[in-house]
Amino acid sequence: MLYRRIIRPLLFSLPPEGIHHASLWALSHTPASALIAPFARREFPSLEKKVFGLTFPNPIGLAAGFDKNAEGVAAWPRLGFGFMELGTITPRPQSGNPTPRVFRLPAEQGLINRLGFPNVGMEVVAQRLEKIKAAGRWPRTPVGLNLGKNKDTPLTEAGRDYVACFRRTRDLADYFVVNVSSPNTPGLRDLQQGQLLDSILGPMREEDPDAQRPLLIKIAPDLNEEQLEAVVLAVEKYRLAGIVATNTTIDKRGLSVQEEGGASGRPLTSRSTEIIRSVHRLTGGKVPIIGVGGIFNAADAREKFEAGASLLQIYTGFVYEGPLVARRICEGLSR
Ligand SMILES: Cc1cc2nc3c(=O)[nH]c(=O)nc-3n(C[C@H](O)[C@H](O)[C@H](O)COP(=O)(O)O)c2cc1C
């Protein structure tokens, strides 16, 4: 109520990316998250889950892209998230696309972004995570790390980028995600298919032949049935631990804002649920799915679970519903 009535209108009167950085800074460098924690953090013993060998205190996670550079690791559990996915990181730092590159669609409860993986690079992120580990401040909630390729790395050499990120960080996260589904790095989504996909997953599996680290793949909501089947075959072939479904969509038909980039939030809700349902069917329910796309409340969350998801993540719902969103969803689910 307070967030939707007063704080959100204030935040929404300022440019989206500026507000994102300011909020992230406040959550990471001030007592803000500790002050919010008494309202946002609850224990939900009935929602605890074991998935791909990790224990999740609740199934609602922070989606990739919100904390690309691992700045707010301590903050996310305080806001009630049961896990976090940091990144996308790339081997070398890069600045992403020219601004403006994030757009709000308030009428549709959506966002369009074309950030293009701006990030400080794997080395800086690795050092941040090392520091947290060394200080004994590793969170009790699982930490995922989402891996990408630099914009200027040719697609045929993309495998090298993913392997480089994994090599540097393999002891610094609890699970890893091969991101081949962002619409904002030219050609990236072509890596979801055929030989290009093999050229990434093959070398990644060689790095960890005994599959000691859970390795997942994040897919686009714009894949057709045949493409989904190919992804599922690759997941089995390379013994991946799970599938993150989905990234943002390039299908912006009917939206009030027409900008280049990927759409998220409410316009994505049903499409991403359909993809989860298809993946669940194609895998016979044997491969855990992290469901993401347009989750705002417990009803949305329940639909994703019913479609076959084991865990969920939120990005746009967090922007629209505010810092108590994870607690509210967990409360609804545990009822
Ligand atoms: C501004 C913005 C930046 C994002 N950055 C990333 C990213 O770096 N890596 C990634 O895998 N997904 C990224 N995503 C996609 C989200 O993780 C999520 O898959 C998608 O937004 C759908 O969930 P939502 O409807 O809850 O936002 C980003 C989304 C937004 C809105």
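**Exercise 1. Find the polar contacts of the ligand in this predicted model: which atoms of Lys218, Gly265 and Tyr315 face its oxygen atoms?**

Solution.
1. Start with Lys218. An N or O atom in the Lys218 side chain is 2.9 Å from a ligand oxygen.
2. Turn to Gly265. Here a polar backbone atom is 2.8 Å from an oxygen atom of the ligand.
3. Add Tyr315. One of its backbone N or O atoms lies 3.0 Å from a ligand oxygen.
4. Apply the cut-off: a polar contact is a pair of N or O atoms within 3.5 Å.
5. Now check the cover. On its own the ligand has 600 Å² of accessible area, and the protein covers 97% of that.

**Exercise 2. Describe the shell: how many residues surround the ligand, and which are the closest?**

Solution.
1. Count the shell. The ligand is surrounded by 23 residues.
2. Name the closest: Ala64, Lys68, Thr88, Gly294 and Thr316.
3. Sort by class. The shell has 13 polar, 8 nonpolar and 2 charged residues.
4. Look at the strands. E6 (110-113) and E11 (262-265) each supply at least two shell residues.

**Exercise 3. Locate Leu2 and decide: is Leu2 buried or exposed?**

Solution.
1. Place the residue. Leu2 lies in helix H1, which spans residues 2-12.
2. Read its relative accessible area: 56% for Leu2.
3. Compare with the cut-off. Exposed means over 50%, so Leu2 is exposed.
4. Find its partners. Leu2 forms a nonpolar surface patch with Ile6, Ile7 and Leu10.
5. Give the area. Together these four residues, Leu2, Ile6, Ile7 and Leu10, have about 390 Å² of accessible area.

Methods: Residues numbered from 1 in each chain as written. Predicted model: local features only at pLDDT ≥ 70, side-chain atom pairs only at ≥ 80, totals over all residues. Heavy atoms only, no water. Near = heavy atom within 4 Å. Polar contact = N/O pair within 3.5 Å; in protein donor to acceptor, adjacent residues only side chain to side chain. Areas by Shrake-Rupley, 256 points an atom, 1.4 Å probe, with all protein chains shown as cover. Helix = DSSP H or I, 4+ residues; strand = E, 2+ residues; numbered from the N terminus. Nonpolar A, V, L, I, M, F, W, Y, C, P; charged D, E, K, R; others polar. Patch = residues over 30% accessible without salt bridge, like charges linked within 9 Å, V, L, I, M, F, W, Y side chains within 5 Å. Salt bridge = Lys/Arg side-chain N within 4 Å of Asp/Glu carboxyl O. Buried < 20%, exposed > 50% of the residue type's maximum accessible area, 1.4 Å probe, protein only.
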